[in-house]
Amino acid sequence: MKQTLMKNINLLDKVCTIPGAPGFEQRIRQFIVEEVTPYVDEVKVDAMGSVHAIKKGTGDKKVMIAAHMDEIAFIVTHIDENGFIKFHTLGGFDPKTLTAQRVIIHGKKDVIGVMGTKPIHVMTSEERAKPPKSTDFFIDTGLPVKEVKKYLSVGDSITREREFIEMGTMVNSKSLDNRVSVFILLETLKKLAKKKTDATIYGVFTVQEEIGLRGAIAAASGVNPDFAINLDVTLAYDLPGAAPHEKCTGLGDGTAIKVLDGMTVCDYRMVNFMKSIAKKKKIKYQLEVLTAGGTDTAGMQRHANGGSIAGGISIPCRYLHQVIEMVDKRDVEASIDLLTACLPEITTYDWSFK
Ligand SMILES: [Zn+2]
């Protein structure tokens, strides 16, 4: 492994660990504002809470880069007479991944809990054969009901608890979706801090992506960008049992230039522009055709006034929406390199339809 590989790994660890359920991004927002302020001309927080880090350009074109800062999470719906907590999911969970997990409930103070379910020993054979539903689970804090109710109430957000580790060239953590992109956007803005760009760059750390691109839609309608580049993780099914056509992307195969996801056909001009920059700068890339799921790309493409020329740089990720998400540091570096190289050249490309 080369020595320079992600010098700033501690920053990635921090951004993965800080909680930020959809609609409850207070802590991660505050961290991002403090981290990004020295490197841009202006930092604004919009009405929904997305952070806009603005680097002024010399020309009149605007490019919006989105990286959603929320993470899949839960919200307290009920606390029973014994202090057990029922919850609703905020984002697309695979219920089997909730088994045997620790979570943090963010009330008057942070309280740790575990996801409980019916023990296998007392399940009927039909119950054992059925996959679990998220409503089968409850959260057990181990505290007496009086204490639970002193600190926690209906409406509190809940996030997953898991530490960040390095594994060879890989990193493994909760919330790499999408904190790895928060990291990439921060690192790119730092790299561009002393460079002049023709386009004004709006680095937008969006809220509420996991529940339907809500923050990006509002932010894009305010910024009204000419160009939009989204940063998010994408499916890497480069694993045992996968057919070649199911792989989508592979870890270590480079940054992924988005061609399509479940809600967006990327502008072919943006795909071609990114490919041309990657080739010129010798950045390793793969193409992403993800036939399900949506990203903030759709919010920006459709909700700029009259639409924008939109595409995405995606980071291949294994075990998406589980607490053991995994990305390759080399792909993360390639993504930073590609975004950093694209932004200064975006206004010199020939964007005519041909
Ligand atoms: Zn995401």
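Mentor: A pocket is an open set of points on a 1 Å grid over the protein atoms alone, with protein on both sides within 12 Å along at least five of seven lines; a cavity is a set where a 1.4 Å probe fits but cannot get out; lining residues have an atom within 4 Å of a point. A volume is the space filled by probe spheres set on the points, which are joined across faces, edges and corners. This is a predicted model, where local features need pLDDT of at least 70 and side-chain atom pairs pLDDT 80 or more, while totals for chains, interfaces and linings use all residues. Residues are numbered from 1 along each chain as its sequence is written, and side-chain values use heavy atoms, without hydrogens or water.

Trainee: How much space lies in the second largest pocket?

Mentor: About 340 Å³. Its lining includes Thr99, Thr117, Lys118, Glu127, Arg128, Pro131, Pro132 and Phe137. By class, that lining has four nonpolar (Ala, Val, Leu, Ile, Met, Phe, Trp, Tyr, Cys, Pro), six charged (Asp, Glu, Lys, Arg) and two polar residues (the others, Gly among them).

Trainee: How many cavities of 30 Å³ or more does the structure hold?

Mentor: One. The largest cavity has about 60 Å³ of space. Among its lining residues are Phe74, Phe93, Leu98, Met115, Arg160 and His321. The class count for this lining is six nonpolar, four polar and one charged.

Trainee: Which residues are the protein donors of the zinc ion?

Mentor: Donors are N, O and S atoms within 2.8 Å of the metal (3.2 Å for Na, K and Ca); water is not among the atoms, so sites may look incomplete. Here they are His68 through NE2, Asp177 through OD, and Asp232 through OD, listed twice. They lie 2.0 to 2.7 Å from the zinc ion. His68 sits in strand 3 (residues 62-68) and Asp177 in helix 5 (residues 176-192), so the pair, 109 residues apart, links distant parts of the chain (helices are DSSP runs of H or I, at least four residues; strands are runs of E, at least two; both numbered from the N terminus). Along the chain, the donor spacing reads H-x108-D-x54-D.

Trainee: Why is the arrangement around the zinc ion irregular?

Mentor: Its four donor atoms subtend angles of 49 to 142°. Four donors are tetrahedral if all angles lie between 85 and 135 degrees; four are square planar and six octahedral if opposite donors are over 155 degrees apart and all others between 65 and 115; anything else is irregular.

Trainee: Are His68 and Asp177 buried or exposed?

Mentor: Buried means under 20% relative accessible area, exposed over 50%, partly exposed in between (1.4 Å probe, protein chains only). His68 is buried at 1%. Asp177 is buried too, at 6%. Glu246, in the loop between strand 13 (227-235) and strand 14 (255-261), is partly exposed at 36%. In helix 8 (residues 296-303), six of the eight residues are buried, so the rest of the structure largely encloses it. Asp296, Gly299 and Met300 are among the six.

Trainee: Which way do the residues of strand 18 point?

Mentor: In strand 18 (residues 325-328), Glu325 and Val327 point one way, Met326 and Asp328 the other, and all are buried. Two strands pair if DSSP finds at least two bridges between them. Strand 11 (residues 170-173) pairs antiparallel with strand 18 over four bridges. Asn172 stands opposite Met326.

Trainee: Where is there a hairpin?

Mentor: Strand 4 and strand 5 form one, with five residues between them. In the turn, Gly83 has a positive phi of about 90°. Six bridges join these antiparallel strands, residues 73-79 and 85-90. Ala73 stands opposite Leu90.
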